[in-house]
Number of protein chains: 2
Amino acid sequence: MRGPLRVPVARVEAGSSILDEDASRYVARVHRKRLGDRVVLFDPDRAIEADAEITAIDRASVAVVVEAPRAATFLPARRVTLLQATCKSDKFDAIVRDATELGASRVVPINAERSVGRPADGRAARWRRIAVEAARQCGRGDAPAISSPMELVEAVQLFASGEGVNGFCLDPAADAPLGPALRRLGPEVELAFVVGPEGGLSPAEIEACTSAGLARVSFGPLTLRAETVCAAVLGAVVLLSR
Amino acid sequence: MRGPLRVPVARVEAGSSILDEDASRYVARVHRKRLGDRVVLFDPDRAIEADAEITAIDRASVAVVVEAPRAATFLPARRVTLLQATCKSDKFDAIVRDATELGASRVVPINAERSVGRPADGRAARWRRIAVEAARQCGRGDAPAISSPMELVEAVQLFASGEGVNGFCLDPAADAPLGPALRRLGPEVELAFVVGPEGGLSPAEIEACTSAGLARVSFGPLTLRAETVCAAVLGAVVLLSR
């Protein structure tokens with residue numbers, strides 16, 4: 001994904017417009033673009049993008065002429081929800097980045113019993129900004145929706161056990177391996193994965209998952225760090241979906 | 001992988017012995033073990049392990065009685081070599097950790113044209129220590145071999161194109177997707193992956209890979225960070241191997 005600088009914006013519309021303060025600063029000061037340079041504006045909420053040309057620029061403000069908007073070029077091939085136990089802040093940030101690059105449509109932070117640290121209020125907005133920036137960098141035309149942290153039981157009911165969703169609860173002690181279960185599903189089936197904290201999901205949490213109809217599966221016999229599980233599982237989903 | 005503390009050692013032999021300085025410090029001071037506690041000694045070079053009991057302990061030295069050694073309980077299911085372009089030190093450390101948890105048998109650091117920063121001499125020894133510690137934590141009974149950084153052409157010839165090895169060169173611009181290519185191979189075939197730096201492999205490097213018989217494949221249309229590629233690809237290999 002090389003090519004023109006991608007700039008996330010709140011709205012993509014054909015015609016002349018002035019980028020908002022953040023986007024202007026980003027184009028003018030971070031990337032030192034100049035008059036006449038071309039950029040791609042993208043709206044990650046609506047998965048729309050458009051080519052644009054810079055028609056005026058100073059350090060605080062950038063004016064562009066925007067061509068006809070189009071549907072985003074690169075979108076994930078299938079819907080995947082990651083229900084991820086919260087953990088230390090920098091680790092969860094890394095997980096959001098990985099999940100964005102690897103096509104998650106939604107990330108639901110879960111306050112698990114054994115989670116270390118509770119995210120501060122307003123964390124979801126920060127994670128969304130991280131996701132949008134990761135989408136920008138990797139060329140993805142949308143960004144995962146990110147919920148506020150919630151309890152596992154509620155999250156599983158809302159996002160991992162609806163009609164047509166195949167939910168999996170990852171537990172190193174499970175007998176059934178994830179690989180064959182995943183390979184049996186078609187490449188377009190909607191998926192959801194519950195990934196616990198370093199200390200694992202508690203028996204009550206695993207029970208809540210299986211009661212809601214999720215399959216309890218093991219990635220393998222080793223104890224992976226939570227951030228490794230996320231990238232490994234979502235990476236496998238990408239390769240099984242194309 | 002919960003259970004007794006795992007301690008990497010240079011040699012596992014039944015009978016009484018005194019742990020070396022590093023292992024003693026690790027058991028006595030980092031993990032504050034006590035007289036009578038049980039540990040598992042493992043030799044990642046030979047993939048051998050044994051239960052042991054602490055029979056004497058002070059801050060500097062730990063004596064153990066070691067039971068009969070056995071083959072390591074958890075070893076990767078197939079041989080996989082990761083030929084990874086060098087990058088900033090903390091990133092490569094993270095890649096070594098991921099590759100260990102996800103079962104790589106060998107990591108070959110490559111000085112690619114667009115690599116940022118050259119690793120200092122002696123870096124391979126440091127990476128090996130990181131790999132052994134990651135193996136300890138995740139419960140793996142061996143650890144990946146880690147070469148000194150080498151040139152791509154040499155690395156590909158030595159490690160990615162021998163008889164019986166299926167080598168892949170990852171290039172976002174390739175038409176062929178990795179997923180189907182990987183799924184066509186049996187679950188026990190030996191694999192090798194060349195992963196370039198952030199700026200990608202150069203045309204000459206891609207040509208060197210394809211000339212050596214590697215398949216040029218794309219993980220997908222997005223530009224992933226190198227560390228994400230490693231975890232995503234190796235994660236998929238794990239799930240396709242079980």
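The lining of the largest cavity in this predicted model is made up of six nonpolar residues, with no polar and no charged ones. Those residues are Ala236, Leu239 and Leu240 of chain A together with Ala236, Leu239 and Leu240 of chain B. Helix α7 (226-241) of chain A and α7 (226-241) of chain B each contribute at least two residues to this lining. The space inside is about 30 Å³, and a search of the whole structure turns up one cavity of 30 Å³ or more.

**The largest pocket**

Now for the open space. The largest pocket has a volume of about 650 Å³. Among the 22 residues lining this pocket, Pro8(A), Asp22(A), Arg129(A), Val132(A) and Glu133(A) are the closest to its centre. By class, the lining has ten nonpolar residues, one polar residue and eleven charged residues.

Which elements build the pocket lining? At least two residues each come from β1 (5-8), α1 (21-30), α2 (89-101) and α3 (123-138) of chain A. The largest share belongs to α3(A), with eight residues.

Here are the two spaces side by side.

| Space | Volume | Lining by class |
|---|---|---|
| Largest cavity | about 30 Å³ | six nonpolar, no polar, no charged |
| Largest pocket | about 650 Å³ | ten nonpolar, one polar, eleven charged |

**Two domains of chain A**

Chain A is split into domain 1 (5-71) and domain 2 (80-241). Ten residues of domain 1 and ten residues of domain 2 take part in the contact between them. The C-alpha centres of these two domains of chain A are 33 Å apart. Both domains have a stake in the largest pocket, each giving at least three residues to its lining.

**Helix α2 of chain A**

One of the helices that help line the pocket, α2(A), is worth a closer look. How does its span compare with what is expected? With 13 residues at 1.5 Å a residue, α2(A) should span 18 Å, and because its end C-alpha atoms are 19 Å apart, the two values agree. The buried residues of α2(A) are Phe92(A), Asp93(A), Ile95(A), Val96(A), Asp98(A), Ala99(A), Thr100(A) and Glu101(A). Their packing partners in chain A are β7 (80-85), β8 (106-111), α3, β9 (145-146) and α7, and they also pack against α7 of chain B. After the helix comes Gly103(A), which has a positive phi, near 85°.

**Two buried residues to look up**

Glu227(A) sits in helix α7 of chain A. Is this residue buried or exposed? Its relative accessibility is 15%, below the 20% cut-off, so Glu227(A) counts as buried. Setting aside neighbours within four places in sequence, Glu227(A) is in contact with Lys91(A), Ile95(A), Asp98(A) and Glu198(A). Of these partners, Ile95(A) and Asp98(A) are among the buried residues of α2(A).

Leu178(A) belongs to helix α5 (residues 178-184) of chain A. At 0% relative accessibility, Leu178(A) also counts as buried. Not counting residues up to four places away in sequence, Leu178(A) touches Phe168(A), Leu170(A), Phe193(A), Val217(A), Ser218(A), Val233(A) and Leu239(B). The partner Val217(A) is 39 residues away along the chain, yet the C-alpha atoms of Leu178(A) and Val217(A) are separated by 5.2 Å. Another partner, Leu239(B), brings us back to the start, as Leu239(B) is one of the residues lining the largest cavity.

Conventions. Residues numbered from 1 in each chain as written. Chains lettered and ligands numbered in written order. Predicted model: local features only at pLDDT ≥ 70, side-chain atom pairs only at ≥ 80, totals over all residues. Heavy atoms only, no water. 1 Å grid on protein atoms, 1.4 Å probe; cavity = no way out; pocket = protein on both sides within 12 Å on 5 of 7 lines; lining within 4 Å. Points joined across faces, edges and corners; volume = space filled by probe spheres on them. Helix = DSSP H or I, 4+ residues; strand = E, 2+ residues; numbered from the N terminus. Nonpolar A, V, L, I, M, F, W, Y, C, P; charged D, E, K, R; others polar. Domains from an automatic or database assignment. Expected span 1.5 Å × (residues − 1). Buried < 20%, exposed > 50% of the residue type's maximum accessible area, 1.4 Å probe, protein only. Contact = heavy atoms within 4.5 Å.
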